[in-house]
There are 2 protein chains.
Amino acid sequence: MSLLVTGTVAFDSVETPYDKRDDAIGGSAAFFAMSARFFNHVRLVGVVGKDFPEKQLADFRHVGIDTEGVEIADGKSFRWAGRYEADWNTRHTLDTQLNVLETFDPKVPEQYRDSKYVFLANTAPAIQMKALEQVTAREFVVADTMNLWIDIAKDDLHALLKRIDGLVLNDEEARMLTGETHLLTAAHKVLELGPKFCVLKKGEHGAFLVSDGARFALPAYPVDRVVDPTGAGDSFAGGFMGYLAAVQNTHPATLRRAMLYGTVTASFCVESFSFDSLAKAGRSDIEARFNELHELITL
Amino acid sequence: MSLLVTGTVAFDSVETPYDKRDDAIGGSAAFFAMSARFFNHVRLVGVVGKDFPEKQLADFRHVGIDTEGVEIADGKSFRWAGRYEADWNTRHTLDTQLNVLETFDPKVPEQYRDSKYVFLANTAPAIQMKALEQVTAREFVVADTMNLWIDIAKDDLHALLKRIDGLVLNDEEARMLTGETHLLTAAHKVLELGPKFCVLKKGEHGAFLVSDGARFALPAYPVDRVVDPTGAGDSFAGGFMGYLAAVQNTHPATLRRAMLYGTVTASFCVESFSFDSLAKAGRSDIEARFNELHELITL
């Protein structure tokens with residue numbers, strides 16, 4: 001089934017207590033696409049600058065990511081630089097250069113408009129909404145967001161929440177969005193804002209799926225070594241949505257399986273800078289970790 | 001099957017950001033026993049002072065906890081006072097008065113020595129060892145410990161580790177005991193020290209069971225409101241061991257079910273000061289939460 005993602009494609013410079021990498025390819029839509037592509041063809045809508053390597057776009061196409069929707073604009077690509085503390089949960093943004101993102105007006109190519117599954121990766125809610133409205137055949141829409149938008153674009157975000165089926169967000173964002181410190185209460189308050197379900201990401205502590213009728217809790221896949229957590233949430237969303245699009249249904253039991261696939265793609269993401277580890281993995285690696293994770297949680 | 005616990009029986013004074021309680025009944029063995037008693041008769045070995053209410057000992061007996069092994073010594077009972085931060089994970093010890101514990105020499109009553117299941121709740125490893133050696137019929141021994149003993153009684157602790165089947169400890173203790181920051185690697189290093197399995201408690205983030213052949217990850221039961229986390233680890237151990245003693249086997253699949261029961265008894269523990277909430281609960285409440293937790297983790 002057709003799957004479309006819109007969000008950022010960027011250069012990330014990341015420092016960790018153990019290592020660093022400058023100008024790695026990143027961005028919310030890029031991590032999403034590199035994870036969803038194990039399951040389903042992905043249509044990518046975003047913007048890069050003239051400095052973005054054509055080879056990377058070719059690499060995307062090579063693994064099943066359609067880049068027709070990636071606009072190459074005059075100027076430089078979006079850049080983000082950050083540093084992680086040893087606990088991996090504390091992240092300091094060192095630099096943000098919006099560049100071509102500043103004037104980005106998402107244009108969904110004509111041939112993408114029949115997409116049924118849509119993921120609005122993290123970017124300004126107004127941009128997410130603009131992209132969403134162009135996908136006229138949409139049937140199942142999930143969005144991500146971040147504390148910045150909860151802070152400076154709350155009205156846009158609330159308008160968006162009324163138009164989506166699911167929201168993925170981390171624990172801190174859930175608390176910030178709802179003003180509720182108790183995590184599951186916060187999740188239920190998110191549902192009152194519009195979405196039919198939400199996924200609470202808790203990093204190394206796993207994720208929660210909360211909908212009106214059901215809750216599902218899942219630990220993270222226990223990786224041997226974290227190298228760089230950047231993009232883990234987007235990779236989670238990619239595995240989650242990629243699987244749903246591939247099996248073409250969103251029943252509660254399917255959402256639970258999708259949580260496992262999202263957890264698996266996120267586990268590959270954190271094992272390297274950028275999406276190096278995701279790029280090397282094959283579908284059989286995904287299935288092997290799925291089975292291992294399933295075994296880990298089964299009574 | 002006969003189940004014996006040795007550890008502390010104490011008065012706790014606890015402050016949280018929301019409330020406080022002075023001189024509540026607590027202690028590692030008391031929380032354990034109040035949780036294990038849902039499943040199996042419990043034999044309690046410990047010491048209290050003359051200030052300990054006889055009514056409480058009668059209450060213990062009333063719910064199936066044998067207090068024949070509780071020595072009433074001259075002097076005052078062990079007292080602990082602490083304060084929790086709003087994240088519940090940061091705990092400050094404000095006061096510790098060993099009192100009768102200072103000269104405690106555990107005496108396991110003759111009629112307790114045929115106990116097959118033994119839990120050595122948190123107390124000095126030398127005391128745990130002394131108690132252990134008296135339980136001549138022991139078949140399955142699990143111990144708890146704390147950072148203090150890892151720090152000041154490492155040799156005693158290492159000697160004990162060679163004599164037990166399982167160790168329950170929290171993530172920080174596992175890292176401290178093994179010098180390994182990666183949690184699952186730390187768990188496997190614990191196994192090299194003697195135990196056949198260990199349970200890593202992560203508080204609100206659940207628990208991990210690690211043995212040579214298998215790993216099992218379980219989220220915490222999502223309680224509506226935490227009132228006081230004191231005793232949660234001991235209550236976990238109580239549900240865990242109580243269930244094992246009741247079903248009389250320690251197969252891998254049984255250990256996994258026991259993890260759920262431990263998680264359930266811990267969830268009641270944190271909902272009140274002392275073991276108020278555990279004392280009010282009945283076996284049907286335990287089963288209801290077991291089913292809810294099972295549903296929460298089932299694919």
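## The interface of chain A and chain B

Between them, chain A and chain B bury about 2100 Å², and 57% of that area lies on carbon and sulfur atoms. On the side of chain A, His205(A), Leu296(A) and Leu299(A) supply 30% of the area buried against chain B, more than any other three residues. The contact draws on 23 residues from chain A and 23 residues from chain B.

Keep in mind that this is a predicted model. The predictor gives the complex an ipTM of 0.88 and a pTM of 0.92. For chain A, the mean pLDDT is 96, with 100% of its residues at 70 or more.

Now to the polar side of the story. Across the interface of chain A and chain B there are 4 salt bridges. One of them joins the side chains of Arg256(B) and Glu295(A), at 3.7 Å from N to O. The count of residue pairs in polar contact between the two chains is 10, both residues being at pLDDT 80 or more.

Which elements give two or more residues to the side of chain A that touches chain B? They are strand S13 (215-218), helix H9 (252-269) and helix H11 (283-297) of chain A. H11(A) gives the most, with 6 residues.

Here is that side of chain A sorted by class:

| Class, side of chain A that touches chain B | Count |
|---|---|
| Nonpolar | 12 residues |
| Polar | 4 residues |
| Charged | 7 residues |

To return to the salt bridge above, Glu295(A) is its chain A partner and Arg256(B) its chain B partner.

Technical notes
Residues numbered from 1 in each chain as written. Chains lettered and ligands numbered in written order. Heavy atoms only, no water. Contact = heavy atoms within 4.5 Å. Buried area = accessible area lost by both parts, 1.4 Å probe. Polar contact = N/O pair within 3.5 Å; in protein donor to acceptor, adjacent residues only side chain to side chain. Helix = DSSP H or I, 4+ residues; strand = E, 2+ residues; numbered from the N terminus. Nonpolar A, V, L, I, M, F, W, Y, C, P; charged D, E, K, R; others polar. pLDDT = per-residue confidence, 0-100.
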